[in-house]
Amino acid sequence: MLEARLSEAAILKRLLDAIKELVADANFECNEEAITLQAMDNSHVALVAVRLDASGFKRYRCDRPMPLGVNLVSLTKVLKCAKDDDVVTLKAADDADILSLTYEARNSDRIAEYEMKLMDIDSDTLGIPDTDYDARVTMPSPEFARIVRDLSLLGESVRIEVSKEGVRFISDGEAANGNILLRQTDSAPSGLKKKGSSSKRDKDDDEEEDGEEEEDKEKEKDDDEEKEDGDEDEEGEPKKKVKKEKVKNEDGDVEMNGENDEDEGEEEFQPKEDNEAEDEDEEGSESGKKRKRAPAKKSKPSKKAKKGDDDGAPPEGVRIEMNQTVTLTFSLKYLVNFAKSTSLSNVVQLMMSNDVPLLVSYDFGQGFIRYYLAPKIGDD
């Protein structure tokens, strides 16, 4: 038995709107891990692959692998009866010929139930080989949609060239020609091409900070002891007083050195040091706590926020990773259909190698949708 509860009907709507013109009938393959779809268009030029992970559903149950053969146009009509924010539940019994869809409104008690007949569709799942692409372009999906839409007004084909200069889209029509160049943004190298090295550098910086932090901790221990010694100096112990002045000078050097301000700001880890100092002297631990500085605390969180932005934030511009120059020609009609997935993700990836199908990938929270398009060979 299959039972899949999705938080928003909009996800299914957008998926079907993107693929219904490429594929008429297809099997949704359901198993305990995900719901997947793989199908080719009638001309066998384009292939679409969809995956909806089980973890993205509010509730998901699939007792055994089962195919759901559906007509995508009919399923689109049934989904139009649901609002975008309705909760959708898909149900199908083992060996059933009916797919049940239930829509539950969020702000009312409305519950709508629909049933759709399933089909027996003979289709073989194609093994898509892992390919090391020579060029990968990451760009805003609305920009890609605009380019292919504009160039489709001029001609039927587009030539995509990826080089050190950037990524260029060229269309030669009978009455007019179009040429669009997108250069890599200045921030791109730190995000895509050097992401691994950047992470390594951050790791090295953290290790260096940890080493410097240990030195600061030792100095704080000495400083705590010196403050205790200062109380005893009133009774007359000159040697300890000299030691106190020495530590003060060292602290003064640390405070003047701007590079170590951030290391002194590691006060979120300081309670452990305070506890260790407390074993030696309670007064030393209290003085260590008083050394906390509000301005220094701001430096560490800001650095953590910066790392998070680099790792998780979507690219704001064009990013290119290239091993060699790639030039391929494709049908604009298919690319315009692929661009309908813009509503699912604000980022698109184009992966290319000479004489290899183009991969257009959109990743979203629920899963992904990927298109493979064979290049045109010879004259347009």
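This report walks through a predicted model of a protein chain, from its overall make-up to a few individual residues.

## The chain as a whole

Let's start with the broad view. The protein chain has 380 residues, and 42% of them count as buried. Its secondary structure comes to 12 helices and 18 strands.

Sequence separation is worth a look too. Among contacts in the protein chain with a separation of 6 or more, 68% are between residues 24 or more positions apart.

## Helix α1 and its partner α2

Helix α1 is mostly covered, with 9 of its 11 residues buried. The buried residues of α1 are Ala9, Ala10, Ile11, Leu12, Lys13, Leu15, Leu16, Ala18 and Ile19. Note that Lys13 is among these buried residues, and that Lys13 is also one of the α1 residues that meet α2.

Helix α1 spans residues 9-19 and helix α2 spans residues 72-79; their axes come within 10 Å and cross at roughly 145°. The crossing is left-handed. On the α1 side, the contact involves Leu12, Lys13, Leu16, Asp17 and Ile19, while α2 brings Leu72, Leu75, Thr76 and Leu79. Sorted by type, the residues of this contact are 6 nonpolar, 1 polar and 2 charged.

## Leu2 in strand β1

Close to the start of the numbering, Leu2 belongs to strand β1, which covers residues 2-6. Is Leu2 buried or exposed? Its relative accessibility is 0%, so Leu2 counts as buried.

Which residues does Leu2 touch, leaving aside those up to four places away in sequence? They are Cys30, Tyr60, Arg61, Cys62, Met66, Leu68, Leu90, Lys91 and Ala92. Leu2 and Asp94 are 92 residues apart along the chain, yet their C-alpha atoms are separated by 7.7 Å.

## Cysteines without a disulfide

Two of the residues touched by Leu2 are cysteines, Cys30 and Cys62, which leads to the matter of disulfides. A disulfide needs two cysteine sulfur atoms within 2.5 Å, and by this rule the model has 0 disulfides. Cys62 is in none, as the nearest cysteine sulfur, that of Cys30, is 5.6 Å away.

The surroundings of the cysteines can be described by accessibility. Buried means under 20% relative accessible area, so Cys62, at 10%, counts as buried. Cys81 has a relative accessibility of 38% and therefore counts as partly exposed.

## Ser157 in strand β11

Further along the chain, Ser157 sits in strand β11, made up of residues 157-163. With a relative accessibility of 9%, Ser157 counts as buried because that value is under the 20% cut-off.

What does the side chain of Ser157 make a polar contact with? Its partner is the side chain of Lys376, at 2.6 Å. Ser157 can also be placed relative to Asp172: the two are 15 residues apart in sequence, and 7.5 Å apart in space from C-alpha to C-alpha.

Technical notes
Residues are numbered from 1 along each chain as its sequence is written. This is a predicted model: local features need pLDDT of at least 70, side-chain atom pairs count only at pLDDT 80 or more; totals for chains, interfaces and linings use all residues. Side-chain values use heavy atoms; hydrogens and water are left out. Buried means under 20% relative accessible area, exposed over 50%, partly exposed in between (1.4 Å probe, protein chains only). Axes are lines fitted to C-alpha atoms, for helices over the stretch in contact, and angles run from 0 to 180 degrees between N-to-C directions. Helices (H or I, at least four residues) and strands (E, at least two) are DSSP runs, numbered from the N terminus. A crossing is left-handed if the near helix is turned anticlockwise from the far one by less than a right angle, and right-handed if clockwise. Contact means heavy atoms within 4.5 Å. Ala, Val, Leu, Ile, Met, Phe, Trp, Tyr, Cys and Pro count as nonpolar, Asp, Glu, Lys and Arg as charged, and the others, Gly among them, as polar. A polar contact is a pair of N or O atoms within 3.5 Å; within protein, one must be able to donate a hydrogen and the other to accept it, and residues adjacent in sequence count only if both atoms are side-chain atoms.
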